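Colleague: Got a minute to go through this one with me? I'd like to start with how the helices pack.

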Protein chains: 2
Amino acid sequence: MSGEDAPAQQQNAVDQKQETKPAEEPKTEPPKTEPEPAGAAEAAAAPAAASADKAPEEETFSYRALVLTGYGGYDKVKLQVKKGKPALKAGEVLVRVKVCGLNFADLMARQGLYDQLPSPPVTPGMECSGVVEAVGEEVTDRKVGDKVMALSRFGMWQEVAVVPASHTFLIPEGMSFEEAAAFPVNYITAYMMLFDFGNLRPNQSVLVHAAAGGVGIAATQLCKMVKDVTVFGTASASKHETISEGGVTHTIDYRTKDYVEEVRKISPKGLDIILDPLGGSDTHKAYNLLKPMGKLVTYGAANMLAGQRKNLIAVAKNWYHQFSIHTLSLIQGNKSVCGFHLGYLDGETELIAQTMATLLDLYKEGKIKPRIDSTWHFEQVGDAMRKMQERNNIGKVVLTTEPMPEEEAKKEEAKKEAKKEDKKKEDKKKEDKKKDDGKKEEKKDDKKKEEPKKEEKEEEKKEEVKKEEK
Amino acid sequence: MSGEDAPAQQQNAVDQKQETKPAEEPKTEPPKTEPEPAGAAEAAAAPAAASADKAPEEETFSYRALVLTGYGGYDKVKLQVKKGKPALKAGEVLVRVKVCGLNFADLMARQGLYDQLPSPPVTPGMECSGVVEAVGEEVTDRKVGDKVMALSRFGMWQEVAVVPASHTFLIPEGMSFEEAAAFPVNYITAYMMLFDFGNLRPNQSVLVHAAAGGVGIAATQLCKMVKDVTVFGTASASKHETISEGGVTHTIDYRTKDYVEEVRKISPKGLDIILDPLGGSDTHKAYNLLKPMGKLVTYGAANMLAGQRKNLIAVAKNWYHQFSIHTLSLIQGNKSVCGFHLGYLDGETELIAQTMATLLDLYKEGKIKPRIDSTWHFEQVGDAMRKMQERNNIGKVVLTTEPMPEEEAKKEEAKKEAKKEDKKKEDKKKEDKKKDDGKKEEKKDDKKKEEPKKEEKEEEKKEEVKKEEK
């Protein structure tokens, strides 16, 4: 996705700040942001942009945005208000965002482990759903009011996003904004890995790590479209029932069992396709677990993520164990090793569009459907990230742009206070060192925003404790 | 292919020797070894086995076989006579061989660079065509008289070969024994690389190195089955017309031009699939020449073959430049690296059988057809190997088991004598060193065969000169 320029413009518009209000639980009922009929989109836009089609909108236009202020823990992503309507270049559209998807790359990016995100301050986020609010010149296939999902390398976690029209896809009838925000990254990733690199065919066997995650669920659904495919899925035991219902043939609790042994018991010759989001030593295991003509598709380094801040030991370990393969070994094993990451498929607009067209057809046919784990307000982004990073989700974690009702915010605050005391001491110990490191970074990042600094620092201290309590 | 046991039995039967008669030119008209009707096969078998169905056949049964007597030059493959009818184990068939295919692995094997061939003395050869002459117990799908092609890790270059019935495939109507011997290795290799690992689809681009070779021609034909595929083919200029007619879209003379530059001129973004039989630094070039989502399938190390004997510098260079890839690079490039070699697909009987069934259907539909470069007698195996190794072939080089008519042999001998004088001096110089090395090896290999040694040595000296003259 080449949306780099647009978000850069939007970054400059930051001039107000709003604290991220930590909240522990997601809304159990996702907000029903049902789409408006085409043309009515502007009227229904969030309050901050209510006067969006008035003449002096360039000045009065403002919108909330999540901004990564520096690399580090969950609290590094702050809710801010940007001002000024972003200008559209030819071929671009302005999307009034409804829901944003969280991806593992966002978690990596927060720790400074994803080079496709520009340096902070920057708005993260690779995908969102929403309504087209304005179209730039030369845009012929999108119009104001179109309900779309959008893909970008970053910049999607805000109420208003600018993307090339070619990176938007019309939301089909019956698909909610939550589903739409959960769709592009996970399904394109799963599809291209299984059907382009993997060349999945009937009677084959597939290992899906993190089978309850966004990509895992998408991959399982796509596997079921092919006759007699055996899916091995790893997940913690509490998720097994759900993933079994979703199509996983053999569930493996990777926390209590050696998944290699478990697979060999059932499939002694090994597997046809292995999707590897883990990296490090798990990539070696995957390679050895391949059948002749088997394909390993590695698409991440989740093993690098240990704790909420960059863990140098985990990163070093991952590098040390990074899989490297000689062609002679590939030849003698008749094996294939592939790497995939949508974030690096910059510029492959046509390929992505073709894949999305196929996937949307499958959605319409009822063959695939995103599963939403939980929907969070922008104010809760830290907890949303934590839920995903700690692997407590089943399905996709998404953010809604709907502001958090004040009452709800207060209630959560109270809940937190009660829990806080119990965990305070233990967390303090654990975090004391990290806090210092974090502070240093924070200072650098916040140089340009001098005004509200004092109050912010006070807030930060409090928050760091709050956030770690879970 | 797991035919190891059978050829081992056959090796022990060697007790007679017959000199390889060097011959410069292949027969321009391949011998028309048209198949006999089922049942008549034995009667028509080569003279050495004329009494094959008589009672004491275990003793009188004899057949000619090519035997690799030690690693080294072309002359290391000698024509010998084996005695005694090989016993069949359950599931095996005895094939009266008509034609044998030459493959690059055979050339590597002769130099000791292919670990799937047991130590000499051993009969090389991965494929042949012929007629089933006897069936072992439990063989239900083959009967005496069946015309078959056979695949094995080695042991196919002899008049009589024993293979598991599951490694034989019925020759379809209209396919000659030459075509049948040229079919399995090249077409299975090309098919699995393009359609299993490569996942070739319409509008894609493919680079085929050595496009006039056996695999190259098979790959080109298979590419043409898919709509709008662009084939880049490398070959020396004299072969361009032929490969263009065969379906290569853009011919590249790798001897005078940089193929990477030539490809980039036409396809600046790179290629979807690259088939790499070369290894070493060419694998690096191939990797860099891939598009995002591109697939590199490496299937050999032809760059290791420099000269007729093992060239340690070429081998070391190839090892030094051997391609090794980190997963991070694969991920950031969205690329796939695959290794293929049919010789290591041991035991994948079902997979091979499925692929052969598909390929034979394509043959029957007229979509693919092996191109025979030249047919040689067993006596000419050295020249046949040389032609292939020096890349002077267009299509497949095959050996016929038909004995060389005496008149023809004499004629060729005379031709050679005339040419010999001119080249003698220059060759002597070049070969003096090598001869010494070769002798040492020869002595080791021939320890067990003491009787005819004296005469043989005399012969060898003469032959070494003759063979190098070309």
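**Helices, interface and odd backbone spots**

Modeller: Sure: in chain A, helix H5 (residues 184-197) packs against helix H6 (residues 214-224) at an angle of about 50 degrees, with the axes 8 Å apart. Axes here are lines fitted to C-alpha atoms, for helices over the stretch in contact, and angles run from 0 to 180 degrees between N-to-C directions. Helices (H or I, at least four residues) and strands (E, at least two) are DSSP runs, numbered from the N terminus.

Colleague: Before I go on, what sort of model is this?

Modeller: It's a predicted model, where local features need pLDDT of at least 70 and side-chain atom pairs count only at pLDDT 80 or more, while totals for chains, interfaces and linings use all residues. Residues are numbered from 1 along each chain as its sequence is written, chains are lettered from A and ligands numbered from 1 in the order written, and side-chain values use heavy atoms, leaving out hydrogens and water.

Colleague: OK, so what do you call the arrangement of H5(A) and H6(A)?

Modeller: H5(A) and H6(A) are therefore oblique to each other (under 35 degrees is roughly parallel, over 145 roughly antiparallel, 65 to 115 roughly perpendicular and the rest oblique).

Colleague: Which residues of H5(A) and H6(A) meet?

Modeller: On the H5(A) side they include Tyr187(A), Tyr191(A) and Leu194(A), and on the H6(A) side Val215(A), Ala218(A) and Leu222(A) are among them; contact means heavy atoms within 4.5 Å. By class, that contact has 11 nonpolar, 4 polar and no charged residues. Ala, Val, Leu, Ile, Met, Phe, Trp, Tyr, Cys and Pro count as nonpolar, Asp, Glu, Lys and Arg as charged, and the others, Gly among them, as polar.

Colleague: And in chain B, what does H5(B) pack against at about 100 degrees?

Modeller: That's helix H12 (residues 349-364) of chain B, with the axes 10 Å apart. H5(B) and H12(B) are therefore roughly perpendicular to each other. Tyr187(B) and Ile188(B) are among the H5(B) residues there, meeting H12(B) residues including Leu351(B) and Leu359(B). That contact divides into 10 nonpolar, 2 polar and no charged residues.

Colleague: Switching to the interface: how much area do chain B and chain A bury?

Modeller: About 3,300 Å² between them, 56% of it on carbon and sulfur atoms. Buried area is the accessible area (1.4 Å probe) that two parts lose on being put together, summed over both. In residues, 39 of chain B are in contact with 39 of chain A.

Colleague: How many salt bridges across it?

Modeller: The rule finds 6 between chain B and chain A, a salt bridge being a side-chain nitrogen of Lys or Arg within 4 Å of a carboxyl oxygen of Asp or Glu. The side chains of Arg201(B) and Asp196(A) form a salt bridge at 3.0 Å, N to O. Over all chains, the count comes to 34.

Colleague: What about the backbone, where are the cis peptide bonds?

Modeller: There's one from Pro120(A) to Pro121(A), with omega near 0 degrees, and one from Pro120(B) to Pro121(B). Pro121(A) sits in the loop between helix H3 (104-110) and strand E5 (127-135) of chain A. Most residues other than glycine have a negative phi, and most peptide bonds are trans.

Colleague: Which residue has a positive phi although it is not a glycine?

Modeller: Met293(A) does, at about 70 degrees, and Met293(A) lies in strand E13 (residues 290-298) of chain A.
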